[in-house]
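Me: Please take a close look at one strand of this model and the part of the structure around it. I would like one connected account.

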There are 2 protein chains.
Amino acid sequence: MRYVVIMAGGSGTRLWPLSRQGRPKQLLEMLDGKSLLRLAYERLIGLVDEDRILVCTGRAHADDVRAQLPELAEGNILGEPEGRDSLNAVAWSAAVVADRDPEGVVAMVTADHIIEPVDEFQRSLATAFEVAEARPNSLVTLGVVPTSPHTGYGYLHRADELDGFPGVHRISEFKEKPALDVAQAYLDSGEYWWNAGMFVWRATTLLGQLDQLLPETARTVREIVADPQRLDELFLTLQKISVDYAVMEPASVGRTDAEVVSVGLHIDWQDVGGFLSLAEMLTHDEHGNAIDGRTVTLDTSGSVLVNAAGPDHVVAAMGLEGCLVVATGSATLVTRLGDTERIRELVDLVRTQAGARYA
Amino acid sequence: MRYVVIMAGGSGTRLWPLSRQGRPKQLLEMLDGKSLLRLAYERLIGLVDEDRILVCTGRAHADDVRAQLPELAEGNILGEPEGRDSLNAVAWSAAVVADRDPEGVVAMVTADHIIEPVDEFQRSLATAFEVAEARPNSLVTLGVVPTSPHTGYGYLHRADELDGFPGVHRISEFKEKPALDVAQAYLDSGEYWWNAGMFVWRATTLLGQLDQLLPETARTVREIVADPQRLDELFLTLQKISVDYAVMEPASVGRTDAEVVSVGLHIDWQDVGGFLSLAEMLTHDEHGNAIDGRTVTLDTSGSVLVNAAGPDHVVAAMGLEGCLVVATGSATLVTRLGDTERIRELVDLVRTQAGARYA
């Protein structure tokens with residue numbers, strides 16, 4: 001049977017104070033009141049049975065997830081005691097699915113992006129399921145056809161096409177986030193896809209890879225499934241590591257018995273990792289301001305104004321250019337758009353100077 | 001007997017959103033938790049009996065006034081149904097005092113400024129009472145000895161000193177807010193005081209002036225006192241006009257039978273009319289930022305950051321210079337310090353675009 005696990009972890013510091021420790025960006029109700037998590041869930045409807053959709057998130061966010069996805073079946077939230085990088089979300093999910101269904105094939109999907117069109121995404125994911133079902137030894141990744149030399153993504157180097165699966169390629173190498181000139185060369189070559197961070201595999205295949213590469217992790221996630229009471233104790237012993245680094249990279253260069261293949265996603269792939277990308281999705285006024293919520297501007301241009309402090313609050317700006325103003329009930333952020341990459345630094349100061357509950 | 005009426009009306013747009021229609025600046029608890037109204041009240045203690053201190057304010061603020069001045073005697077709040085400029089606050093107050101005490105002498109004092117030292121203020125006000133008691137036909141104003149060619153105040157042109165009252169002068173002319181060069185000439189001449197907007201007179205003398213100058217107003221305020229039930233109906237018929245324009249200017253040029261005299265106030269007279277003057281009273285950090293409330297700054301200098309949104313809120317600023325950020329529960333203001341004189345314009349936009357309840 002087919003399963004999907006939506007990964008909704010992370011703290012989303014770059015969107016602070018919209019997102020924060022208490023509410024990662026996937027849970028923000030930002031787009032017509034829908035969160036990225038909700039959009040990720042709706043993208044799966046029709047593709048798999050709803051009772052085989054799971055969400056892996058921080059345990060502290062379980063109630064938020066349940067509120068946003070009331071359809072989610074009981075027991076389908078995997079609440080991590082703490083974030084311990086992507087491998088452990090993936091490994092625990094595989095152990096859970098393998099326990100329910102030893103033949104289970106699981107897709108790990110992200111909730112960090114806006115994806116259009118949805119039916120193209122569904123077609124690619126269906127193809128990825130078919131490959132994983134037909135080729136039990138495969139680790140299938142999704143690769144986004146790049147539209148720019150983006151330096152914020154990893155890249156997949158495509159090799160030959162799989163027999164019988166047009167458009168599905170073996171992957172010869174995983175590349176970390178490149179410098180701009182390298183990214184441009186990748187784009188020009190036409191041989192690379194962006195690493196979408198989404199995967200499809202048989203649950204037992206992934207666990208078998210871990211048996212070869214990180215046997216301690218494989219054993220621990222099986223123990224957690226066998227005795228959920230020990231989740232806290234065991235989860236905190238797991239090695240923090242990314243799935244790319246722990247599994248996909250070694251497997252792609254032949255260090256295991258698996259084959260790494262990729263299905264192309266011909267989609268519009270909009271990162272909402274930071275305010276600049278969030279701004280692209282907002283309404284723009286005639287002065288180039290990106291606006292969200294109740295705001296009033298005078299002599300203000302090229303700025304981003306986000307009022308998420310509720311219907312009884314107004315944000316008023318005068319004489320600003322190139323500024324970012326974000327108001328929530330618990331924090332006000334004012335900075336220049338050129339400084340948005342440093343928000344993490346500011347949030348660290350907020351944590352140390354004002355206190356963790358403000359960060 | 002001596003009475004004092006503290007005038008605490010006005011909307012304080014220049015300090016929006018700290019002050020707003022629902023809470024004029026005199027009621028803001030800004031200085032060690034004390035409002036300007038509270039400070040104005042405490043300045044009077046020892047000078048007049050507390051049960052003869054009244055407050056004239058907008059009726060909507062009566063509860064706030066009562067909370068800030070629990071000592072205030074029952075019935076000593078004059079709640080205007082709406083602000084109708086200074087003459088009507090003055091005229092109504094005179095009618096109320098004359099009704100309680102036909103011999104009553106009343107001081108009309110403002111609550112817009114920080115005044116130091118308080119004992120010097122008390123001495124001058126006591127002198128003003130003495131003049132008004134000794135010379136029943138006098139309209140006594142208080143004049144601040146100017147320290148700069150301020151263009152935001154009106155000026156009083158002093159004439160000869162009164163016999164028996166050293167330092168008390170007849171006033172030959174009221175001058176409106178002057179241009180800078182005119183203000184400088186006034187300052188250089190040594191013949192001018194700032195018009196403090198505070199007055200002392202017998203209540204019946206002021207009403208007698210109104211009988212001569214604005215008989216309709218005189219009749220209406222007497223009717224309000226005779227039949228308080230008709231306050232709403234009658235108050236709204238009063239002509240909107242300032243006391244300077246309606247009474248002091250004509251009387252100073254001999255158009256009535258009164259004499260206009262002034263007592264000098266040798267005080268430090270700090271306007272808290274706008275954010276620049278408010279900032280002078282706040283804590284400053286080593287980068288020249290004026291800070292109030294819980295804030296965190298990174299690479300920010302020469303800015304004013306006011307967090308009045310409560311203990312659960314943080315204001316975080318990065319990369320700002322010369323900016324003003326004010327956060328309250330109901331509004332966020334971000335502008336440049338050079339634009340603070342235009343806040344009224346922005347608040348007008350807030351009123352029309354967002355709605356009156358946000359302004």
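Reply: A residue counts as buried here if 20 or more other C-beta atoms lie within 10 Å of its own, with C-beta atoms placed from the backbone. The model is a predicted one, and the part examined is strand β18 of chain A, residues 314-318.

By that cut-off, five of the five residues of β18(A) are buried, so the strand is largely enclosed by the rest of the structure. The side chains divide between two directions: A:V314, A:A316 and A:M318 point one way, while A:V315 and A:A317 point the other way. In a regular strand the side chains alternate between the two faces of the sheet. Both groups in β18(A) are buried.

What does β18(A) pair with in chain B? Its partner there is strand β20(B), residues 331-336, and the two run in the parallel sense over five bridges. Two positions fix the register: A:V314 stands opposite B:A331, and A:A316 stands opposite B:L333. Within its own chain, β18(A) pairs with β16(A), again in the parallel sense, over four bridges. In that pairing A:M318 has A:L298 opposite. Strands of a sheet pair through backbone hydrogen bonds, either parallel or antiparallel.

A pairing between β20 and β18 also occurs with the chains exchanged. Strand β20(A), residues 331-336, and strand β18(B), residues 314-318, are joined by five bridges in the parallel sense. One of the matched positions is A:T332, whose bridge partner in β18(B) is B:V315. This pairing belongs to an open sheet of seven strands with mixed pairing, in the order β14(A)-β15(A)-β17(A)-β19(A)-β20(A)-β18(B)-β16(B). The sheet ends at β14 of chain A (283-284) and at β16 of chain B (295-298), edge strands that each pair on one side only. Helix α11 of chain A, residues 343-354, lies across β16 and β18 of chain B and runs at about 140° to β16(B).

The contact between the chains takes 31 residues from chain A and 31 residues from chain B. On the chain A side, β18 is one of the elements that supply at least two residues each, along with β16, β19 (323-328), β20 and α11. By class, that side has 19 nonpolar, six polar and six charged residues.

Two places beyond the strand complete the picture of burial. The largest nonpolar core has 234 residues, of which A:I6 and B:I6 touch the most other members. Leaving out residues up to four places away in sequence, B:I6 touches B:L37, B:A40, B:Y41, B:V55, B:V109 and B:A111. A lysine also meets the cut-off: B:K25, in the loop between β1 (2-8) and β2 (29-31) of chain B, is buried because 26 other C-beta atoms lie within 10 Å.

Technical notes
Residues are numbered from 1 along each chain as its sequence is written. Chains are lettered from A and ligands numbered from 1 in the order in which they are written. This is a predicted model: local features need pLDDT of at least 70, side-chain atom pairs count only at pLDDT 80 or more; totals for chains, interfaces and linings use all residues. A nonpolar core is a set of buried Ala, Val, Leu, Ile, Met, Phe, Trp, Tyr and Cys residues joined through C-beta atoms within 7 Å. A residue is buried if 20 or more other C-beta atoms lie within 10 Å of its own, exposed if 12 or fewer, and partly exposed in between; C-beta atoms are placed from the backbone. Two residues are in contact if their C-beta atoms, placed from the backbone, lie within 7 Å. Two strands pair if DSSP finds at least two bridges between them. Axes are lines fitted to C-alpha atoms, for helices over the stretch in contact, and angles run from 0 to 180 degrees between N-to-C directions. Ala, Val, Leu, Ile, Met, Phe, Trp, Tyr, Cys and Pro count as nonpolar, Asp, Glu, Lys and Arg as charged, and the others, Gly among them, as polar.
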